[in-house]
Amino acid sequence: MNHRTISGLGRTVHYWISRPENTCKGAIVFTHGLTADHTMYEKQIEFFKDEYIVILWDVPLHGLSMPYEGFSYERAAKDLHTILEQEAIEKVSLAGMSMGGYPSQVFASLYPEKTLCFIGIDTTPFDPAYYSKSDLW
């Protein structure tokens, strides 16, 4: 995995990328949960790296992506978009675990043309429209 950075909206955001040497079936971004960092996906890298571009990142306020000012899931999604632009990736599959599902869902909402799919791992819908009044209470 190659370690890279972008100048995010709130400071430097760190990410890691692996590109297959031969045929590429697409790109997958793995987004970790709250209090975790990119290392939680080490086993998935081994499985996917020979056929897919794999991107792991430290979501702002996590891992090496600290400090960060003015955090929001929208800003994190826009930072992810900057990562994809920097890597010239047009379309991506998103896998988000727990809190990592939130910036992934916001990304899919902001950039539907760039999102192939979203895989939610132990996460919940981000949009309040999915919840009843008693759920929101």
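Start by selecting helix H3 in this predicted model and colour its buried residues: Gly-101, Pro-103, Ser-104, Gln-105, Val-106 and Phe-107. What covers them? Show the neighbours and you will find that the cover includes strand S3 (27-31), helix H2, strand S5 (92-97) and strand S6 (115-121).

**Helix H2 against H3**

Next, add H2, residues 73-86, to the selection alongside H3, residues 101-110. Two packed helices are described by the angle between their axes and the distance between the axes. Here the axes come within 8 Å and cross at roughly 70°, which makes H2 roughly perpendicular to H3. Is the crossing left-handed or right-handed? Turn the view to look through one helix at the other: H2 passes H3 in a right-handed crossing.

Now show side chains at this contact. From H2, pick Tyr-73, Glu-74, Ala-76, Ala-77, Lys-78, Leu-80, His-81 and Leu-84. They meet Tyr-102, Pro-103, Val-106, Phe-107 and Leu-110 of H3. Keep Pro-103, Val-106 and Phe-107 highlighted for a moment, since these names are on both lists: they are among the H3 residues that meet H2, and they are also among the buried residues of H3.

**Over to strand S6**

From the cover of H3, step to strand S6 and click on Ile-119. Is Ile-119 buried or partly exposed? Its relative accessible area is 43%, so Ile-119 counts as partly exposed. Leaving aside residues up to four places away in sequence, Ile-119 touches Leu-94, Ala-95 and Gly-96. Add Ser-93 as well: its C-alpha atom lies 7.8 Å from that of Ile-119, although 26 residues separate the two along the chain.

**The cysteines**

Select Cys-24 and Cys-117 next. How many disulfides does the structure hold? The count is zero. The cysteine sulfur closest to that of Cys-24 belongs to Cys-117 and is 14 Å away, too far for a bond. Seen from the other end, Cys-117 is in no disulfide either, with the sulfur of Cys-24 as its nearest cysteine sulfur. Both residues can be found with a surface display: Cys-24 is partly exposed at 38% relative accessible area, and Cys-117 is partly exposed at 31%.

**The S1-S2 hairpin**

Move to the beginning of the chain and select strand S1, residues 2-7, together with S2. The two strands run antiparallel and are joined by six bridges. To trace the pairing, look at Asn-2, which stands opposite Ile-17 of S2, and then at Ile-6, whose bridge partner in S2 is Val-13. S1 and S2 make a hairpin with four residues between them. Zoom in on Arg-11 in the turn, where phi is positive, at about 150°.

**The other partner of S2**

Keep S2 selected and bring in strand S4, residues 53-57. Four bridges join S2 to S4, and this pair also runs antiparallel. One bridge to pick out links Trp-16 with Leu-56 in S4. How enclosed is S2? Six of its seven residues are buried, so the rest of the structure largely encloses this strand.

**Last stop: Ser-18**

Finish at Ser-18, in strand S2, which spans residues 12-18. Ser-18 counts as buried because its relative accessibility is 12%, below the 20% cut-off. Show its contacts beyond four places in sequence and five residues should light up: Met-1, Lys-49, Tyr-52, Ile-53 and Val-54. Of these, Ile-53 and Val-54 lie in S4, the strand bridged to S2.

How values were computed:
Residues numbered from 1 in each chain as written. Predicted model: local features only at pLDDT ≥ 70, side-chain atom pairs only at ≥ 80, totals over all residues. Heavy atoms only, no water. Buried < 20%, exposed > 50% of the residue type's maximum accessible area, 1.4 Å probe, protein only. Contact = heavy atoms within 4.5 Å. Pairing = 2+ DSSP bridges. Disulfide = S-S within 2.5 Å. Axes fitted to C-alpha atoms, helices over the stretch in contact; angles between N-to-C directions. Parallel < 35°, antiparallel > 145°, perpendicular 65-115°, else oblique. Left-handed = near helix turned anticlockwise from the far one by under 90°.
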